[in-house]
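Work through the exercises below with the sequence and the model at hand. Each task is followed by a solution in steps.

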Amino acid sequence: MLEVDQIAEFVLSEDILLKAFPETGQYYAFDIKNGDHFSLNSTAHWVLDRIAHDDFGLLTESFAAEFGLKNEDALKDLADLIESALENKIIIRRYNNEEKKNV
Amino acid sequence: MAEKPTELNFEDEFYFQWHITERCNWSCRHCYQNGNRADDLPVGKLMEICDRMEEAVNKWGKTGTVSLTGGEPFLRKEELHTLMSRLDGSDSFAYYDILTNGSMIGEKESEDLSTHKKLRRVQVSLEGATAESNDAVRGKGSFKVVSNAIRNLRAQNIEVSVMMTITRNNRDEIPALVEILGTMGVQALALERLVPEGNGIGMKDLVLSSHELHDLYEKIYKMAINDSPVRILLYRPIFNLVGCDDPTVGALCSAGNNALTIMPDGTVYPCRRLPIPIGNVLTDGLYKIWYGSDVLWTLRDPKNLKGKCHDCELLTRCRGCRAMAYFTTGDYMTEDPQCWK
């Protein structure tokens, strides 16, 4: 399982565009470079939207609060979701310069 | 042409209307061009656009169809044939049409066109059943020129469709035009409503009222289903109202759904009649435009429609003409002003 720790931060890939249609329950991530598109559930969209707005620092806590989860369950769900988003290149891992040298 | 291309279902098709030039040797009174002409792209850039179209329809699991047009596309005859050959060799495109004023289609050109295997049809335009009514719009001598072009094309067994733009001046000539086209061996007649834009922006008084359009569409539908000598194309918004139970009648507006218009410099519009720039195929790419354009997302969502279009039970099959709404009210999501419902 991916470890969601304090070192890594994630950012939305620069070619990804998120779209939400809450009234019809439709959520998407579009890759505007290669044309891939992904159907998301509302939870995944919520997380990716926070990441897109650079809200990663408080993500675990706010995710737990939003969906009424214990922190450890929130962390596990979040890790699964982030792992999947990384695999599909919807998000990428970002390191600051100092941390990157040590990885 | 050894094998005729087949028609596609709406769900399977992605349609590009591609204007390879805005230059034209005619000056029709109602033309949607507004006088601002972009430079033509060199053939290498046209090929690049073709590559992007091909990649996109493959990615979306669609089959591409293309209308190659202008301006007058035969003013770029060499490039036009190069593009046709490119499309002929692509598995991603089912067929293409050429939309032309017909002025440059002689016997030799018709022969050349007949060698292209994915050319489905050549569309020319007539604005009435007589030289007098047609030439008043398209220029002196144009009726004869177009008639000759049709003969040349038919002599090579190339399918021909004729488009007529409906106005108050020519609506009564449709039955006579249908008969004439039948004698000429024309396959199809497309009837488009006049949208007062471009050169035609001052022709609002020739746009039919909703009552007049209703009356006309009823007559056209009766003609179409009663052994018309040419196939009258009825897959346009609002036609749904006269043939509600007939699946061949009416069509959902394709803007935002399964079509894009590409202009000579690569600028992309939702529809040629709705000339709102939503990006450039060369600098932005089709994916960014298709997924990112707010205009397209607005068009796609029927809840954004206003007036009687908003609550219409035909939302999945019609939605009116957004260009007509735009050029009569300034808002492309208002109700179609010619709807009589």
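**Exercise 1.** Which element gives the most to the lining of the second largest pocket, and with how many residues?

Solution. The model is predicted: local features need pLDDT of at least 70, side-chain atom pairs count only at pLDDT 80 or more, and totals for chains, interfaces and linings use all residues. Side-chain values use heavy atoms, with hydrogens and water left out, residues are numbered from 1 along each chain as its sequence is written, and chains are lettered from A and ligands numbered from 1 in the order in which they are written.

Step 1. A pocket is an open set of points on a 1 Å grid over the protein atoms alone, where a 1.4 Å probe fits, with protein on both sides within 12 Å along at least five of seven lines; lining residues have an atom within 4 Å of a point.

Step 2. The second largest pocket holds about 610 Å³ of space, the volume being that filled by probe spheres set on grid points joined across faces, edges and corners. Its lining has 23 residues, and B:G256, B:N257, B:W290, B:W297 and B:R300 lie nearest the centre.

Step 3. At least two lining residues each come from β3 (26-31) of chain A and from α8 (286-292) and α9 (294-300) of chain B. Helices (H or I, at least four residues) and strands (E, at least two) are DSSP runs, numbered from the N terminus. The most is given by β3(A), with three residues.

**Exercise 2.** Give the strand order of the open sheet of nine strands in chain B, and explain the state of its edges.

Solution. Step 1. The order is β7-β6-β5-β4-β3-β2-β1-β8-β9 (chain B), with mixed pairing; two strands pair if DSSP finds at least two bridges between them.

Step 2. The edges are β7 (231-233) and β9 (268-269) of chain B; each has a single partner strand, so one side of each is left without a neighbour in the sheet.

Step 3. Within the sheet, β4 (residues 119-125) and β5 (residues 160-166) of chain B pair in the parallel sense over four bridges. B:S125 has B:M163 in β5(B) as its bridge partner.

**Exercise 3.** Which parts of chain B does the salt bridge between B:R168 and B:E212 tie together?

Solution. Step 1. A salt bridge is a side-chain nitrogen of Lys or Arg within 4 Å of a carboxyl oxygen of Asp or Glu. The closest N and O atoms of B:R168 and B:E212 are 2.8 Å apart. B:R168 lies in the loop between β5 and α6 (174-184) and B:E212 in helix α7 (residues 210-225) of chain B, so the pair ties together parts that are 44 residues apart in sequence.

Step 2. B:E212 also meets B:R171 in a salt bridge (3.6 Å, N to O). B:R171 lies in the loop between β5 and α6 of chain B, so its pairing with B:E212 in helix α7 ties together parts 41 residues apart in sequence.

Step 3. Buried means under 20% relative accessible area, exposed over 50%, and partly exposed in between (1.4 Å probe, protein chains only). B:E212 is buried at 18%, while B:R168 is partly exposed at 32% and B:R171 is partly exposed at 21%.
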